[in-house]
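Please open your viewer and get ready to click along. This tour goes from the overall outline to single side chains, one selection at a time.

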Amino acid sequence: MEYLSKERYDQIVAELNNLISVEYPKIKDDLSEARAQGDLSENFEYRAARRAQAKTISRIRFLQRVLEHSRIIDPKSLPTDRISLLSRVEFTNLKTEKRMTFTLVSHHEMNLEQQKLSCQSPIGKALMGRKEGETVEVDAPAGRFLIRIEKVSSGV
């Protein structure tokens, strides 16, 4: 089971609808045009259209599976006394003394440029369920380090 914010769920639905109603019919037209050109064995346009078709079908199936196994998070049902999905967390890396702020989200929503950190990342896993003021050990691929949770708020 995956949990998504309403915003991300709507983005996935919009992308899926666009792929099904706009992109896929366009690719089918491109395939028909390429077939009409004759010899398919040396027809670059036909091979490119087939690759685009396979890629689009794959993406459609992936998005359908994501939506099938996802639930929208109700922000009101999330705990406010500890870190959970959609929590905005400010923490300090005690090794580098660098202070960072991220919102914990599902891996489908992760975007470091928007300060959205996956709850399945090493830092996300270490933060889940913790409280403000705690010091947490993070076991990351680059090695172990400590972070101190400075502030926790609702990310919604």
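The stops below begin with the whole chain and then move to chosen parts of it.

**Stop 1: the whole chain**

Keep everything selected for a moment, and bear in mind that you are looking at a predicted model. Coloured by secondary structure, the protein chain shows three helices and seven strands. Starting at the N terminus, you can follow them in the order β-α-α-β-β-β-β-α-β-β.

Now turn the C-alpha trace around: along its principal axes it spans about 70 × 35 × 20 Å. The radius of gyration is 22 Å, whereas a compact globule of 156 residues would have one near 15 Å.

If you switch on a surface, about 10,000 Å² of the protein chain is exposed, with 49% of that coming from carbon and sulfur atoms. Among the 156 residues, 33% count as buried. Among contacts with a separation of 6 or more, 49% join residues 24 or more positions apart.

**Stop 2: helix H1**

Select residues 6-36, which make up helix H1. This helix has 31 residues, and the distance from its first C-alpha to its last is 44 Å, close to the 45 Å expected at 1.5 Å a residue. By how many degrees does H1 bend at Leu19? The bend there is about 40 degrees.

Leu19 is also worth showing as sticks, as it is one of the buried residues of H1. Add Arg8, Ile12, Leu16, Ile27, Leu31 and Ala34 to complete that buried set. To see what lies over them, bring in strand E1 (2-4) and helix H2 (44-68), which are included in the cover of these residues.

**Stop 3: the end of H1 and the loop beyond**

Move on to Gln37, in the loop between H1 and H2. Is Gln37 buried or exposed? Gln37 counts as exposed, because its relative accessibility is 51% and the cut-off for exposed is over 50%. Apart from neighbours within four places in sequence, Gln37 is in contact with Asn43 and Glu45. Then click on Gly38, which follows H1 and has a positive phi, near 110 degrees.

**Stop 4: salt bridges**

Side chains of opposite charge can pair when their charged atoms come close. The count for this model comes to nine salt bridges, and a few of them make good stops.

Go back to H1 and select Lys6 and Asp10, whose side chains meet in a salt bridge at 3.0 Å, N to O. These two residues are about one helical turn apart, because they are separated by four residues in helix H1. Lys6 is partly exposed at 47% relative accessibility, and Asp10 is partly exposed at 36%.

Next, pick Glu15 and Arg59, where the salt bridge is 2.8 Å, N to O. This pair links distant parts of the chain, with Glu15 in helix H1 and Arg59 in helix H2, 44 residues apart. Both ends are partly exposed: Glu15 has a relative accessibility of 28%, and Arg59 has 32%.

Now jump to Arg130 and Glu134, which form a salt bridge with their closest N and O atoms 3.1 Å apart. Glu134 is partly exposed at 26% relative accessibility, as is Arg130 at 32%. Finally, select Glu90, Arg99, Arg148 and Glu150 together: salt bridges that share partners join these four into one network.

**Stop 5: loops around strand E3**

Zoom to the loop between strand E2 (70-72) and strand E3 (87-93), where you will find Ser84. With a relative accessibility of 9%, Ser84 counts as buried. Which residues is Ser84 in contact with, leaving aside its neighbours within four places in sequence? They are Leu78, Pro79, Leu104 and Met128.

Leu86 is found in the loop between E2 and E3 as well. Check its backbone: phi of Leu86 is near 70 degrees, a positive value in a residue other than glycine. Leu86 is buried, with a relative accessible area of 11%.

For the last selection, go to Glu97, in the loop between E3 and strand E4 (98-105). Although Glu97 is not a glycine, its phi is positive, at about 60 degrees. Glu97 is exposed, with a relative accessible area of 54%.

Note on methods
Residues are numbered from 1 along each chain as its sequence is written. This is a predicted model: local features need pLDDT of at least 70, side-chain atom pairs count only at pLDDT 80 or more; totals for chains, interfaces and linings use all residues. Side-chain values use heavy atoms; hydrogens and water are left out. The expected span of a helix is 1.5 Å times one less than its number of residues. The bend at a residue is the angle between axes fitted to the seven residues ending there and the seven starting there. Buried means under 20% relative accessible area, exposed over 50%, partly exposed in between (1.4 Å probe, protein chains only). Contact means heavy atoms within 4.5 Å. The radius of gyration is taken over C-alpha atoms; the globule rule is 2.2 Å times the number of residues to the power 0.38. Accessible areas come from the Shrake-Rupley method with a 1.4 Å probe; for residues, only the protein chains shown count as cover.
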